[in-house]
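Student: I'd like to practise reading a structure feature by feature. Could we sit down with one and go through it together?

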Amino acid sequence: MKRVALVIPDAGPLISLGKAQSLEILLKLDLPIYIVDQVYFEVTREPSFEDAKIIRQFAQSYPDRVNIVETQVGNLARMEREINPSAPQRQLGEAAITDFLSNQLDKIVEPLDPVLLLFEDSDLTRMNVVLRQNVHLLSTKALLIGMERLGVIASEAAIWEAIIASGRTPSDEIVDQSAPATYGGSYWQ
Amino acid sequence: MRDLTVQLDDSLFNAANFYAVQHSTSINRIIQAHLAQLVSVKQPETDPLVCFSRGEMDRLEAMKALNIDYSTLLDKLGQRGLSRPSLPHNELEQMADMFVRVINEAPER
């Protein structure tokens, strides 16, 4: 297994790849995968939802590869749920991500080992963060493009289209033309 | 912005309301869009789905505006035939290059 950590601190890529029935492609990278605990809770908390089932099954099927990393925010949120199951816990995923990057990252990787942070493209368009030299932001789309270049998937376009197609109704009624690609700019270091 | 009261037959209102719900929009937005097209007035886009698709609204804003979760937001984008927001081509290329380089250069455990 390579000494690179793939960290998923964002629900978006899990939901997108889950919708395309493509979460297993992440295993082809031969990397340890880490999902932040509060993010995992948020994407699996409605057990009847198809996405939740797929993501939970993925994590449970590969416990040696997929690790749910504990954060202080996630632990506190879990304790709160135990006391008050209906407590509103909005935006805690983002707090858990910050907690993870600040306090937990060094516990799972060696100081200089590369870390890939997988985010959804729509979030990276407006993200402005400063990261350590060995930590890299990666979007879902860039991951797929890179995997095609590495020869571990046949077609990034096919998976991207599968994500989009998963949301279409059987009648596939199109009422708008496709919008142009985003040119909002993004910034990272 | 002016308020306007419009009288509609019950059947037309019900059908329009059903269409609006199905397409994550409102009767108000449909009427505005049709009137703007009729008189060739360009309207600023207010539909959260379109704004999200164009990258003019982030995910959380769109989810809040439509009161839906991210999975449903993706479903509705697909149902409307709208693109998913993506990074500009050059940024995607840089990111994909970095990713390939990191994977190729990484030592084994």
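Student: Let me start with a helix: which are the buried residues of α4(A)?

Tutor: Before I answer, keep in mind that this is a predicted model. Buried here means under 20% relative accessible area. In α4(A), the residues that pass are V73(A), G74(A), N75(A), A77(A) and R81(A).

Student: And how do I check the length of helix α4 of chain A against what is expected?

Tutor: Take 1.5 Å a residue and compare with the end-to-end reach. Helix α4 covers residues 72–83 of chain A, which is 12 residues, and 16 Å is expected. From its first C-alpha to its last it reaches 17 Å, close to that value.

Student: N75(A) was on your buried list. What does N75(A) touch, not counting residues up to four places away in sequence?

Tutor: Contact means heavy atoms within 4.5 Å. By that test N75(A), which sits in helix α4 of chain A, touches D37(A) and E70(A). For a sense of scale, the C-alpha atoms of N75(A) and W160(A) are separated by 34 Å, and the two residues are 85 apart along the chain.

Student: Let's try another one. Is D51(A) buried or exposed?

Tutor: Go by the relative accessibility. D51(A) has 14%, and the limit for buried is under 20%, so D51(A) counts as buried. Its place is in helix α3 of chain A, residues 50–61.

Student: Which residues is D51(A) in contact with, leaving aside its neighbours within four places in sequence?

Tutor: Look at the chain letters in this list: I15(A), K19(A) and S71(B). So D51(A) has contacts in chain A and one residue of chain B on its list.

Student: Let's zoom out. How many helices and strands does the secondary structure of chain A come to?

Tutor: Chain A has eight helices and seven strands. Chain B, on the other hand, has six helices and zero strands, and from the N terminus on its elements run α-α-α-α-α-α. The radius of gyration of chain B is 20 Å, well over the 13 Å that the globule rule gives for 109 residues, so chain B is more spread out than a compact globule. The principal axes give another view: the C-alpha trace of chain B spans about 70 × 30 × 20 Å.

Student: How do burial and contacts read for each chain?

Tutor: Start with burial. In chain A, 53% of the 189 residues count as buried, and in chain B it is 40% of 109. Then take the contacts between residues at least 6 apart in sequence: in chain A, 67% of them join residues at least 24 apart. For chain B, residues 24 or more positions apart account for 36% of the contacts with a separation of 6 or more.

Student: What about surface and charge?

Tutor: Chain A exposes about 9,100 Å², with carbon and sulfur atoms supplying 51% of it. The accessible surface of chain B comes to about 6,800 Å², and 52% of that belongs to carbon and sulfur atoms. As for charge, chain B has 11 positive and 15 negative side chains, and the centres of the two sets lie 2 Å apart.

Student: Now backbone angles. Where does Q21(A) lie, and what is its phi?

Tutor: The general idea comes first: most residues other than glycine have a negative phi. Q21(A) is not a glycine, yet its phi is positive, about 55°. You'll find Q21(A) in the loop between α1 (11–19) and β2 (33–36) of chain A, and it is exposed, with a relative accessible area of 57%.

Student: Which loop of chain B holds N67(B)?

Tutor: The one between α4 (59–66) and α5 (70–80). N67(B) also has a positive phi of about 55° without being a glycine, and at 68% relative accessibility N67(B) counts as exposed. Add S40(B), which follows α2(B) and has a positive phi near 55°.

Student: One last residue: is C51(B) buried or exposed?

Tutor: C51(B) is buried, with a relative accessible area of 7%. It lies in helix α3 of chain B, residues 48–53. Beyond its neighbours within four places in sequence, C51(B) is in contact with E45(B), T46(B), E56(B) and M57(B).

Key: Residues are numbered from 1 along each chain as its sequence is written. Chains are lettered from A and ligands numbered from 1 in the order in which they are written. This is a predicted model: local features need pLDDT of at least 70, side-chain atom pairs count only at pLDDT 80 or more; totals for chains, interfaces and linings use all residues. Side-chain values use heavy atoms; hydrogens and water are left out. Helices (H or I, at least four residues) and strands (E, at least two) are DSSP runs, numbered from the N terminus. The radius of gyration is taken over C-alpha atoms; the globule rule is 2.2 Å times the number of residues to the power 0.38. Buried means under 20% relative accessible area, exposed over 50%, partly exposed in between (1.4 Å probe, protein chains only). Accessible areas come from the Shrake-Rupley method with a 1.4 Å probe; for residues, only the protein chains shown count as cover. Lys and Arg count as positive and Asp and Glu as negative; His and the chain ends are not counted. The place of a charge is taken as NZ of Lys, CZ of Arg, CG of Asp or CD of Glu. The expected span of a helix is 1.5 Å times one less than its number of residues.
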